[in-house]
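Student: I'm new to this one. Could we look at it together, and could you tell me the reasons behind the labels?

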Amino acid sequence: MHIVIIPASTKTGQATIRTLLADAPAPTVTGVYRDVHRAPAEFIDNPRFTAVQGDVTDAKSLLAPALDCYFERADAVATITPPLHNETDPIAKAREAALNVKQAVSARRASAKRLVYISSVGAQLEHGTGEIGTNHEAEQALLGAAPEVIFVRCAYFMENWAVALATLKEDSPFFYSAISPADCKVPMVSVSDVGRICAAQLLGAGSAPGGENPSVSELHGPESYSTRDV
């Protein structure tokens, strides 16, 4: 089995690759990087992993002949909207990136059986969600990208708290939180669990889940937490 992760440099992309390379069925994995030097040594040293150059925001780079052999033999593809903080119109850019991936998959002779998009809670909403709107646009763009399309809508990442915890070490300790009021509990999930679940979804290519296309998985941990809990 062969799986393509694009882009591969995000934390969730890396967690997915790490799980796949540790998997007993031994799939081969191709990671698509805008800069291949960003591929971790732990991946490069694995004979089942290949890093290739490609940019989700550049359609021509994804359609380059050098990528044909990887997409043509892919059984499944995972994609993620890259960070778009510096874009003047991140919503439009997210849709463009998703359409580029869709074209890259469908343009090859042997399209993947399954496409997994690592999305976000709230991505089903068209308005009022801020940057999560990028996930909504990407989901809409990826419809029909493969015979099986799965949206994994992740809850709030527990790793997001790492930056907030650092402020507690300052001379006048304080705590940042985007979640208010302090007792409001919300679903959370760890990046490592995102990688584990997405890897399982990719390895299941060819067995349509629930007969729905797209299929939606709401991914969260066993408990909800509040700012006060943290």
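Tutor: Sure, here are a few labels and the reasons for them, bearing in mind that this is a predicted model.

Student: Why is lysine 60 called exposed?

Tutor: Exposed means over 50% relative accessible area. Lysine 60 has 72% relative accessibility, so it counts as exposed. You'll find lysine 60 in helix α3, residues 59-62.

Student: How far is the C-alpha atom of lysine 60 from that of alanine 104?

Tutor: They're separated by 9.2 Å, while the two residues are 44 residues apart along the chain.

Student: And what makes leucine 165 partly exposed?

Tutor: Partly exposed covers what lies between under 20%, which is buried, and over 50%, which is exposed. Leucine 165 comes in at 38% relative accessibility, so partly exposed is the label. Leucine 165 belongs to helix α7, residues 161-166.

Student: Which residues make a nonpolar surface patch with Leu165?

Tutor: Leu168 and Val230 do, and the patch is about 220 Å². Patch residues need over 30% relative accessible area, and leucine 165, at 38%, passes that cut-off.

Student: Now the strands. How do you know that β7 and β8 pair?

Tutor: Pairing takes at least two bridges between two strands. β7 and β8 (residues 186-189) have 2 bridges, in the parallel sense, so they count as paired. Tyrosine 156, for instance, has methionine 188 in β8 as its bridge partner.

Student: What makes β7 an edge strand?

Tutor: The open sheet has 3 strands in the order β7-β8-β10, with mixed pairing. β7 (156-157) pairs on one side only, and β10 (224-225) does too, and these are the edge strands.

Note on methods. Residues numbered from 1 in each chain as written. Predicted model: local features only at pLDDT ≥ 70, side-chain atom pairs only at ≥ 80, totals over all residues. Heavy atoms only, no water. Helix = DSSP H or I, 4+ residues; strand = E, 2+ residues; numbered from the N terminus. Buried < 20%, exposed > 50% of the residue type's maximum accessible area, 1.4 Å probe, protein only. Patch = residues over 30% accessible without salt bridge, like charges linked within 9 Å, V, L, I, M, F, W, Y side chains within 5 Å. Areas by Shrake-Rupley, 256 points an atom, 1.4 Å probe, with all protein chains shown as cover. Salt bridge = Lys/Arg side-chain N within 4 Å of Asp/Glu carboxyl O.
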